[in-house]
Structure formats: structure tokens, C-alpha cells
Amino acid sequence: MDPVLLSRIQFAFLIAFHFLLPAFTIGLASYIAVLEGMFLWTRRPAYLRLSAFWVRIFAVSFGMGVVSGIVMPFQMGTNWSRYSELTAAVVGPLMGYEALMAFFLEAAFLGVLLFGRKLVPPWVHFASAIIVAAGTLFSAFWILAANSWMQTPAGFEVVDGRFVPVDWLQVIFNPSFPYRLAHTVVAVYLTTAFTVIGVAAWYLRHARHAEESRTMVTMGVLLATVLLPLQLVIGDLHGVNTLEHQPQKLAAIEGIWEGGPGQPAILFALPDERLEKNHAEIGIPKLASLYLTHSWDGHVKGLKDFPKEERPPAVLPFFAFRLMVGMWLLMVFITAWAWMVRRRGYDSRAFLYASMACIPTGYVAVTAGWTTTEVGRQPWVVYGHLRTADSVSPNLTGADVLISLVLYVVVYAVIFGAGLYYLMRLVQRGLPEDLPEARPDGRPARPLSAAQDA
Amino acid sequence: MSLDLVPIWTVILALSVFMYVLLDGFDLGLGILFPFAPDDRARDAMMASIAPVWDGNETWLVMGGLGMLTAFPVAFAIIFPALYFPVLAMLLGLVFRGVAFEFRASASAGRRHWWDRAFFWGSLAATFAQGCVLGKFVLGFELNGRQYAGSTWDWLHPFVLAVGVGLVFGYVLLGATWLVMKTEGELQRWARAKARLASFGVLAFIVLVSVWTPFLHQHIAARWFSWPNMLFFSPVPLITALLALWLWRALARGGDVAPFIASMGLFMLCYLGLAISLFPYVVPHTLTLWDAATAPEGQAFLLIGTMFLIPVIFTYTGWSYWVFRGKVRAGAGYH
């Protein structure tokens, strides 16, 4: 068995499952900070009850995100030691800053956010919520800087095969970074929004927490109304950026084999890598040229313009991209529907069921988008400079990696299965009956001594 | 060639690893003690005593890993593939024990014991695996040029396994003395007894490893037993012995904080002893810190942030420990 392929499967598996959690918690941290702020501002109890409820969900999700995240940097050491050694001077500091600016910050203030409501003044608790939210965004900044550098490397020179940073501003703000950062942050905010909307829909359907649930739907829908059109613009800019810097990836996404002017937007096809053509192609003439080059007759390169050993796989990016766009369309649909039933207090059975069914849209979209961009970068790990096949740890055998892969799959099945089950139970349990108490006037003599809710 | 940044990176890396060992050490040790606690109320209190801080403690592990990647990538690329399975065991152990905090609180009363077990076995596996990582590090790595040339199973060696067991005792001592500091009443008395038991194990393994290590490599023996080094380094075993005495007295006399400080002191002395044995190697016995260092451009960029941010991190982490200061009681609420 090939240790390279198995290591790739292992990394893809671990990062896909890890990313489901930040995809939710980045947005949720911001949402909790907003709820806490709204409560301090309006004193409306619904906000505090909502915050207390989502904090509990956040604790479970964030814990799973932390432990599955600790696994990631060590993958670089155990399975991708050649990559680590050659890119360390560039990638190491970017990830180091993530730990220094984000992980420590989140960890310290998370403790206060989760357990400190009675121990610190309300404004310190609110500040902790903001700091945790900021920490999640710092984390996204640095890890996406590292990832974007692998996609569109800049600001370095290669000395004896090693990547040596020359200009850090160019390394961080490499060509695809601003687009990827904006695209990803908007995507994870949308993921949280549709999770919140779906949970609220479940409560409304079961006639529970009506006031708070309407607030949740309204907040989610307002956010989606702003972010969904914005995501379309950012996505388009990101695509144009990919056309410029990673033309093979773009050709795979669009399903274009023969380069040339006036490319159609292919809605559906079955790309065939062996025959280098599409089967069952349905497309809109010239549309791809229009949105990629902003001209009906714009020239777009096809996969056949590149030697076979420099092409990404054709099938996976093509379908993953369409899946992502499909999720965006579902979100638009739910948002529009929400506006129509808003006057009725969202009291429409069909709408509520549709909203519940659309909880996964964000998670599917980010996973599909991630698959598109990462598979589209192949066969390179650092685009144009270092091949994935040359990055794996040389001493690993296929059997070694198979053992670890099987163990990871088994453990993650247990952990993620249990995690999902407990999250659903927390939702089922509902919002807290009593308002969480803020710190009384005097500081209690014994921290954590008076149980809030068991 | 500008300033040599290797010494300062050595200090940062050593600090990160030491912070990790101390902080996650008491976390993990507490996890190993978990199933032996008197009752469920005691277990709730134990968990509550570390719930607000464990995540920050584990972050030092990530910092240590990334610090090594940034400053000594050659060492990173040798050590981690060589320790493929111990690192795997450590990561899976940390996954199980990390989720146990929240899952245990969410589980129904009938299923809670599953996550008690996950917490125990995860903590034990992670600790033993970390001990194996340390043991193999001291033992050294087979290289071909600057690449690892051994197999993924070379770490299976009696010395490595012995260090693994030794670290289990060490973390249990930290966990038990942490509990002596954070609890009172019956739970504290129990923790005190466990700390005493663990301290015998720790001392036995300190002696065993200290005697064994010089036999592993000629140059380690020479480092310690040549004149005048013997004189310079003689305080290390002496202070270790004094700390052990202090620990026992504090445990016997009912001190709350002293046992934890004495245990941390023991760890510091062991760490110092290790540094004396291994300096200047980062891949012991073959590559020095300077051999394995990265391009100074990468080191310098992260160094600026590190010098500024580490004091900030110490400040707010210290503040969060301060918020949760004092004794935790059995039956303490979660959230």
C-alpha cells in the first residue's frame, strides 16, 4: 500500500472532521458575544437565556474542536516530515502566531466565559465573550494565511530545496489570501446562521421557547440576507483570482478540457480523465467566459493546456464545487422563504421543516469548498514548487499509516457520534428555565461552590 | 550572518515544553487518579478543579510542537516520524480525555462512567506515550545524514518503557498535590495519601533513570562524572533529595500548597538534569541545536511576536487562574 495515498486520506479525513467544528464555533462565538452585548444593552431576558443555552453548546463543540485540532500540527510531523522540514521557515511562524495570538487567548477567556459568570463583573464576562470570538477569528486569519501560501506561494526564495521567507507581508498577504479569508469567514458565519435557524425552527415546530426562537430566526435571517449576496461577490472574485494564479484548478472546477474563447458555464457533466472530455454535458454558452473574464469571448485555459503530471484530478473538484454552489442556493431559498412567512411569526409547517432539513447546508458547503480548493491544488502541496508525493515522511510504510488511519477513523466515529448525540440532547433539553445569575455584589468565598444548573 | 537566534529559541522551546509538562502534567495526573477517587462527588470536584484551565494547559503542547517546527525543523522532521506510534497514542489519548470533560457533564447518570473511563484511559495513554517520547529522545535516533533512518518501531526499548512508567508516577504526583491544594476534607486527605504513594514511585524512577542514563551513552557519563563537572553538577541530586524531603514533610504536616510546589520543583530538577545530559543536542547524540536550526528569517519573524506575546499570555492566563482561585468543593456546579 502506498503511504503517500494513505497519508493523504488520513489528513483529508482528520481535517474534514476537525473543520466541521470551527465552521460552527467561529460564528457561534461571535453570536454569543452579540447575545451577551444585546442583553447588557436591552436587558431583555431572552438574550441572556439564549446566550446561556448556546454557551453550553459552544462548550461541547469547542472542546471537540480543540482535541481534533491538536491532532493537526502533529500530522505534519508524523506523516509529512519532508514537507515540514522544507517549508518550516515559512509555515512554522504562521502557525506559531496562530497558537500565540489565538489558542492561548481562546483557552484563557473560554474558562471565564463558561464558568466565570458568577465570579467576574458582567462587563468582564461580556469582554471574555468578545475576546473568545476575536480569538477564533485570529485563528482563522493565521491558518488561512498558511493555507493560502501553499495555494499561491509568494514572498520567498528556494535555497537548497528549502523555502526561505524574504518578505513576510507578501508571504501573509499572498495573492489568494484576502479572498480565501473573506470567503471562509463568511461561509462559517452562514454555517452558524443556518444551524441557529434550524434549531429555532425545531423549537417553533414543537411550540417551545416561541419568543426566543423567533429572535433566533430573525437574527439568523438578517445575517444571511447580508452575507449570501456578499458571498456571491466574494466567490466570484475568488474564482477570478484562481483563474489568474491556479488556472489548472479553475479548469477542473469548470470542467473545461479544451482551452479557448467563449467558454460555456457547465451546469452538469461527467468528466472523463482517460478520454479527456466530458460526457452528458449541459452548459450555458459563453457564460463562464463572462463571469471569469468579464467578456463574452474571454479566453479560459482548459485542462489539456497543461501536461498530465501537472493536472489536478478532474472529477472531485468539479462535483464538490457544484455541491457547494447548490448549498448556497438552498440557503438563498430558505432566506427568501423566511422573509415571506415573517409576518406570521414563521408559523409555517413547511418552512419550519425545510429550515430543520437545511441545518447541514453550511457544513456540506464548507467541506465541499475545502475539497474543491485542496484537491484542485494537487499534485502540489506547495503549488508549483513542492509535490505532495515528495512531502511524506520517508520512513513510513503503508502498514504504519493504515494502522493509524483505521484507529483515527474508529476513534472519530465514537467521538463525533457521541458529540452529535450530546449536542442533540442539549437542544432537546432546551433553554434554561432560570436566568443565569450574574455575580452578586460580594465575591463568593468559594469559586464554583454554588451549583448553577447541574 | 546576523545575530545567532538559536540560544533564545532553545530557551523558548525549553520553556514551552516545561510549561506543558507542569500544567498538563497535573491535568493528566488527575485523570489517572480519577477512577480511584472515593466517590462521584469527589470526581465532580476533581473535574471542576481543572475544567476552566485544561485547554490552556494543552496549548503549550501545540506551542512546543510549533516552536520546534519553526526553530529546529530538521529535528521536528526526524523525531515525529520516528515516534509515529507513541505520538499517535498520545493524540488519541488526548482526544478521549479532552472530550470527556463536556461529554461526562452531558451524559445521563447511567452512561457517565463511560466517559470516566475515557478520561482515565486517555490520560494514562497520553502520559505513558509522552514518557516514551522522552525516553526515545534520550536514547537517540538512527540517522542517515539529516534524515531518520530507523523504523517506526525503534522506540520499543526497555529504557523507553521505563521512562513511560516513570512519567505516569510523576504526573500522578503533580495531579495529587494539585488536588491537595484545591480541595479540602476527605478528598484532600485521600489526595494526600495518593501523593505520598506516587512520591515513592517518582523517587524510585528518578534514581533508576539517573543511574541508567549514563550507561546509555559515553558522553553523558563523561558530562556528569568528569572533574570539575562533578562538582558543578553535584547540587542537582542534592537539591532533588532536599525537595523530596520537603515534599514528604509537607504531606505529613498538612501543608496545602507546599506539596504542589515541591513536586513542581522535582520536575524542574529532573528537567535540568536532562538538559545537562543532552545539551547541545536537539536530536540527541547526533544533531546539535545549531545543526538543526532553520533559516534565521523564519526564526526572527516569530521571535518578535513571541517575545511580546509570551508575557501577555502569562498575564492573562495568570488572571484566569486567579479568577478560579481557592478551594473547589465536592458537588461544585458545572457551568
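This briefing walks through confidence, the contact between the chains, helix packing and a few individual residues.

What you have here is a predicted model, scored at ipTM 0.92 and pTM 0.92. Mean pLDDT is 91 for chain A, and chain B has a mean of 91 as well. Chain B puts 64 residues in contact with 68 residues of chain A.

**Confidence**

- In chain A, 96% of the residues reach a pLDDT of 70 or more.
- Ranking the elements of chain A by mean pLDDT puts α6(A) at the top with 97 and helix α9 (residues 287-293) at the bottom with 89.
- Residues 441-454 of chain A have pLDDT below 50, and this stretch has 28 contacts in the model beyond near neighbours in sequence.
- In chain B, 97% of the residues reach 70 or more.
- The stretch to watch in chain B is residues 330-334, where pLDDT stays under 50. The model gives these residues 22 contacts beyond four places in sequence.

**Where the chains meet**

- Contact between the chains involves 64 residues on the chain B side and 68 on the chain A side.
- On chain B, at least two residues each come from α3 (54-71), α4 (73-82), α5 (84-106), β2 (147-148) and α13 (296-323).
- The top contributor to the chain B side is α5(B), with 13 residues.
- Sorted by class, that side of chain B holds 36 nonpolar, 21 polar and seven charged residues.

**Helix pairs in chain A**

- Start with α1 (residues 3-42) and α2 (residues 45-78), whose axes sit 7 Å apart at an angle of about 150°. That angle makes α1(A) roughly antiparallel to α2(A).
- The crossing of α1(A) and α2(A) is left-handed, and their contact divides into 24 nonpolar, nine polar and one charged residues.
- Next come α6 (residues 177-205) and α7 (residues 210-245), packed at about 155° with axes 7 Å apart. Because of that angle, α6(A) is roughly antiparallel to α7(A).
- α6(A) also passes α7(A) in a left-handed crossing. By class, the contact of these two helices has 24 nonpolar, seven polar and one charged residues.
- The third pair is α10 (residues 315-340) and α11 (residues 349-357), with axes that come within 10 Å and cross at roughly 150°. These two are therefore roughly antiparallel to each other.
- α10(A) passes α11(A) in a left-handed crossing too. From α10(A), the contact uses A:Ile334, A:Trp337 and A:Ala338, and from α11(A) it uses A:Phe351, A:Ala354 and A:Ser355.
- That contact of α10(A) with α11(A) comes to five nonpolar, one polar and no charged residues.

**Two buried residues**

- A:Val4 belongs to helix α1 of chain A. It counts as buried because it has 20 C-beta neighbours inside 10 Å.
- Leaving out residues up to four places away in sequence, A:Val4 touches A:Thr388, A:Ala389 and A:Val392.
- From A:Val4 to A:Leu426 is 422 residues in sequence and 40 Å in space, C-alpha to C-alpha.
- B:Gly135 sits in helix α6 (residues 112-139) of chain B. With 25 C-beta neighbours inside 10 Å, B:Gly135 counts as buried.
- Not counting residues up to four places away in sequence, B:Gly135 touches B:Phe159, B:Val160, B:Ala162, B:Val163 and B:Gly164.
- B:Gly135 and B:Asp39 are 96 residues apart along the chain, and 35 Å separates their C-alpha atoms.

**Backbone details worth a look**

- The peptide bond from B:Trp227 to B:Pro228 is cis, with omega near 10°. B:Pro228 falls in the loop between α9 (218-225) and α10 (229-233) of chain B.
- Another cis peptide bond runs from B:Phe279 to B:Pro280, with omega near 0°. B:Pro280 is in the loop between α12 (258-278) and β3 (281-283) of chain B.
- A:Lys286 isn't a glycine, yet its phi is positive at about 65°. This residue lies in the loop between β5 (277-284) and α9 of chain A, and its 16 C-beta neighbours inside 10 Å make it count as partly exposed.
- A:His294, also a residue other than glycine, has a positive phi near 60°. You'll find A:His294 in the loop between α9 and β6 (299-300) of chain A, and it counts as exposed because it has 10 C-beta neighbours inside 10 Å.

Definitions and conventions:
Residues are numbered from 1 along each chain as its sequence is written. Chains are lettered from A and ligands numbered from 1 in the order in which they are written. This is a predicted model: local features need pLDDT of at least 70, side-chain atom pairs count only at pLDDT 80 or more; totals for chains, interfaces and linings use all residues. Two residues are in contact if their C-beta atoms, placed from the backbone, lie within 7 Å. Helices (H or I, at least four residues) and strands (E, at least two) are DSSP runs, numbered from the N terminus. Ala, Val, Leu, Ile, Met, Phe, Trp, Tyr, Cys and Pro count as nonpolar, Asp, Glu, Lys and Arg as charged, and the others, Gly among them, as polar. pLDDT is the predictor's confidence in each residue, from 0 to 100. A residue is buried if 20 or more other C-beta atoms lie within 10 Å of its own, exposed if 12 or fewer, and partly exposed in between; C-beta atoms are placed from the backbone. Axes are lines fitted to C-alpha atoms, for helices over the stretch in contact, and angles run from 0 to 180 degrees between N-to-C directions. Angles under 35 degrees count as roughly parallel, over 145 as roughly antiparallel, 65 to 115 as roughly perpendicular and the rest as oblique. A crossing is left-handed if the near helix is turned anticlockwise from the far one by less than a right angle, and right-handed if clockwise.
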